[in-house]
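Okay, thanks for coming, everyone. I'll put the sequence and the structure up, and then walk you through the part I've been looking at.

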Amino acid sequence: MEKNLEFPDLLRLIDERSTAFRAVVAAAPGLDAQVPTCPGWTLFDLVKHLGGGDRFWAAIVGAGPADAPPAEAVAARAALEVPQEREALLAWLDASTQLLLGALRAAGPESGCWTWWPASQSPQTAGGTARHRVQETAVHTYDAQLAGGAPQPLPVEPALDGVEEFLFTVCATPSAWPHKPTAFDFHAAEGRSWRLTVDGDGARTTRIPAPTAATGEDSDAAGASVHGTASELVLYLYDRIQADSLHVDGDAGLLDLLRAWEPEEK
């Protein structure tokens, strides 16, 4: 079974995706371009969000284990002011990313910190934070590309890790599934698969063998099975594309129930 990305790889991917994001912003006709996947936001708003997030998480990681994010970081994010001119804005975003990367390097992957996912399958550590920030940056790079009219698939490396990261971080919960117990299988065309099981004990994800031409797929094992590239799966999970962009076996209506589910405890 494939291992998770190592901490240096996560830091490299944050830097790579942020660099790609800045390149899109630098080439855009204007900062007032609308972002279709973030209704009401312009490209300027997206830059502010990503850079503000980098600074916010840098402060959280730097503060170490805590029951809440540092009050100073919360206040700074609420009062965030950024340059209006494009070149200065891009320099500010680059500096924001470097602050995050510096905080992560100084802390190391096992250092504890506050996160919003205490009941998930992802650790409340700098490593868990880095893994999630890869996805935040990768998906927002896609958003920026879409605003510019030239969206590109997520690169395979962060996308493959992103499917599991989303299922571990966003979907996992001890809150009871309010419907008949079932399972959702997610199959990436690149050869990795995961099963999200939902029942009275909540939701949890495990890695499963990818179906092959020889073994096929046990259609009775999951209520719904979703097939696509890793990029398509991540974009679907983040509500950037719809289920009809993917191949779904089983009861597609279960996906609507999953998307509508709002567990009481996370």
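I'll start with the sheet, go on to the helices around it, and finish with the cores and one proline. One thing up front: this is a predicted model.

So, the sheet. It's an open one with five strands, in the order β3-β2-β1-β4-β5, and the pairing is mixed. At the edges you've got β3, residues 202-208, and β5, residues 247-250; each has a single partner strand, so one side of each is left without a neighbour in the sheet. Going from one strand to the next, the twist averages 15 degrees.

Now look at β1. It pairs with β2 in the antiparallel sense, over seven bridges, and with β4 in the parallel sense, over five bridges. F184 is a handy residue to click on here: it stands opposite L196 in β2, and its bridge partner in β4 is A224. A bit further along, F186 stands opposite W194 in β2. The link between β1 and β2 is a hairpin with three residues between the strands, and G191 in that turn has a positive phi of about 105 degrees.

How many of the residues of β1 are buried? Seven of the seven, so the strand is largely enclosed by the rest of the structure. That goes for both faces: T182, F184, F186 and A188 are buried on one side, and A183, D185 and H187 are buried on the other. Yes, there's an aspartate and a histidine in that second list.

Okay, helices. α7 lies across β1 and β4, running at about 135 degrees to β1. α8 packs on the sheet too, touching β1, β2, β4 and β5, and its direction makes about 100 degrees with that of β1.

Let's stay with α7 for a moment. Seven of its eight residues are buried, and those are A230, S231, L233, V234, L235, Y236 and L237. What's covering them? The list includes α5, α6, β1, β4 and α8. Then, just after the helix, D239 takes a positive phi of about 65 degrees.

The α6 contact is worth zooming in on. α6, residues 156-171, and α7, residues 230-237, pack at an angle of about 35 degrees, with their axes 8 Å apart. The crossing is left-handed. On the α6 side you have A159, L160, G162, V163, F166 and L167, and from α7 you have A230, S231, L233, V234 and L237. By type, that's nine nonpolar, two polar and no charged residues.

That brings us to the cores. The largest nonpolar core has 33 residues, and those with the most contacts inside it are L154, V163, L167, F184, F186 and L196. Elements that each supply at least two residues include α5, α6, β1, β2, β4, α7 and α8. There's also a second, separate core of 21 residues, which includes F7, L11, L101 and A126. Back in the largest one, take L167: leaving aside neighbours within four places in sequence, it's in contact with A172, F186, W194, L196, T205 and L237.

Last stop, P181, in the loop between α6 and β1. Is P181 buried or exposed? It's exposed, because its relative accessible area is 55% and the cut-off for exposed is over 50%. Beyond four places in sequence, P181 touches V198 and D199. And the C-alpha atoms of P181 and V156, 25 residues apart along the chain, are separated by 32 Å.

Conventions
Residues are numbered from 1 along each chain as its sequence is written. This is a predicted model: local features need pLDDT of at least 70, side-chain atom pairs count only at pLDDT 80 or more; totals for chains, interfaces and linings use all residues. Side-chain values use heavy atoms; hydrogens and water are left out. Axes are lines fitted to C-alpha atoms, for helices over the stretch in contact, and angles run from 0 to 180 degrees between N-to-C directions. Helices (H or I, at least four residues) and strands (E, at least two) are DSSP runs, numbered from the N terminus. A crossing is left-handed if the near helix is turned anticlockwise from the far one by less than a right angle, and right-handed if clockwise. Contact means heavy atoms within 4.5 Å. Ala, Val, Leu, Ile, Met, Phe, Trp, Tyr, Cys and Pro count as nonpolar, Asp, Glu, Lys and Arg as charged, and the others, Gly among them, as polar. Buried means under 20% relative accessible area, exposed over 50%, partly exposed in between (1.4 Å probe, protein chains only). A nonpolar core is a set of buried Ala, Val, Leu, Ile, Met, Phe, Trp, Tyr and Cys residues joined through side-chain atoms within 4.5 Å. Two strands pair if DSSP finds at least two bridges between them.
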